[in-house]
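Biologist: I would like a close look at a single part of this predicted model, taken slowly and with its surroundings included.

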Amino acid sequence: MDKKVDLVWYTERMYKRVLLKLSGEQLQGKYDGGFDAERAAWIAEEIKKVKNAQVVVMIGGGNYARGAQLAGGGVGRVTADNIGMLATVMNALALADVFNSKGLTSQVLTNVQADQVADQFTHRRALSHLAKGRVVIVAGGIGRPYLTTDTAAVNLALELDCDVILKATKVDGVYDSDPATNPNAVKFDRLTLKDAVEKPDVRVMDKAAIALAYDHSQSLVVFELLEEGNIAKAVAGEPVGTTIRA
């Protein structure tokens, strides 16, 4: 594609409020499960590189429990999903402590009622913390079963009027097949939301999440978390990973 067109795609995308989606698996770091404080500290230092933007974090819980995997053998799906949401609360509490210890002022809000350990999420409360320069870490997904934290991330980004969702992954963007198993997999530098919904080989988020993003023209950037400087570059609108928008 013509270089001028590329610039039109990427420039003037200096985001002012972003939602960073982190998986529980990323927080387990060097361990087989649980929480790696060193990985969390590294993420804190990366977020501190972000300039002139408000940051919301939606956290997963797969390092402790996944609802879809727990269901069965007598454990109901609603109960399993509730356990998964509680796992995200555990991650959020630990992540906020590490962030605050590194000088990155953060506040946990949860969509699961847990007043003894975290404040309940409300729209006004989240905006107030953001206005004060705090990173807002949201736990509990959307607070209801049968919905993933990907869907919750899109819902939250829309509610808080985020300019973009930054989905941190293990690979450097979106491919037409799994690059871990297919050495000939082709990376997309950019996609339309329509393509992300309609192309069966494009796996960005679960279909409910990407359909919600498509319905509301919510932009996304899918990028590799563990590449130093990537979070700041994505927020600055630099061409990192795969950009997906209307």
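Biologist: Is D161 buried or exposed? Please begin there, and then work back through helix 7 and the elements that surround it.

Modeller: In this predicted model, D161 is exposed, because its relative accessible area is 60%, and a residue counts as exposed when that value is over 50%. D161 belongs to the loop between helix 7 and strand 6, and its backbone is worth a second look, since phi is near 55 degrees, a positive value in a residue other than glycine. Most residues other than glycine have a negative phi.

Going back from that loop brings us to helix 7, which spans residues 149-159 and is followed by D161. At the N-terminal end of helix 7, T148 acts as the cap, with a side-chain oxygen placed 3.3 Å from the backbone nitrogen of D150. D150 is itself one of the buried residues of the helix, and the others are T151, A152, A153, V154, L156 and A157. The partners against which these buried residues pack are strand 1, strand 2 (54-59), strand 5 (135-139), strand 6 (164-169) and helix 9, and two of these, strand 1 and helix 9, can be followed in detail.

On the side of strand 1, the residue to follow is K21, which lies in that strand, residues 17-22. K21 is buried, because its relative accessible area is 5%, where the limit for a buried residue is under 20%. The side chain of K21 makes a polar contact, at 3.4 Å, with the side chain of T149. Leaving aside residues up to four places away in sequence, K21 touches T149, D150 and A153, and with them Q26, M58, L166, K167 and A168. Of these neighbours, D150 and A153 also appear among the buried residues of helix 7.

On the side of helix 9 (residues 207-215), the axis of helix 7 comes within 7 Å of its partner, and the two cross at roughly 20 degrees. The two helices are therefore roughly parallel to each other, because an angle under 35 degrees is counted in that way. Helix 7 passes helix 9 in a left-handed crossing. Helix 7 contributes D150, T151, V154, N155 and L158 to the contact, while A208, A209, L212 and A213 come from helix 9. By class, the residues of this contact divide into six nonpolar, two polar and one charged. D150 is thus a residue to keep in view, as it takes part in the contact with helix 9, is touched by K21 of strand 1 and supplies the backbone nitrogen at the cap formed by T148. An α-helix has 3.6 residues a turn, so residues three or four places apart point the same way.

Beyond helix 9, the chain offers a counterpart to the backbone of D161. S217 lies in the loop between helix 9 and strand 10 (220-224), and this residue has a positive phi of about 55 degrees although it is not a glycine. S217 is partly exposed, because its relative accessible area is 46%.

To return to the residue you asked about, D161 is exposed, with a relative accessible area of 60%, and follows a helix whose buried residues include D150, A153 and V154.

Key
Residues numbered from 1 in each chain as written. Predicted model: local features only at pLDDT ≥ 70, side-chain atom pairs only at ≥ 80, totals over all residues. Heavy atoms only, no water. Helix = DSSP H or I, 4+ residues; strand = E, 2+ residues; numbered from the N terminus. Buried < 20%, exposed > 50% of the residue type's maximum accessible area, 1.4 Å probe, protein only. Polar contact = N/O pair within 3.5 Å; in protein donor to acceptor, adjacent residues only side chain to side chain. Contact = heavy atoms within 4.5 Å. Axes fitted to C-alpha atoms, helices over the stretch in contact; angles between N-to-C directions. Parallel < 35°, antiparallel > 145°, perpendicular 65-115°, else oblique. Left-handed = near helix turned anticlockwise from the far one by under 90°. Nonpolar A, V, L, I, M, F, W, Y, C, P; charged D, E, K, R; others polar.
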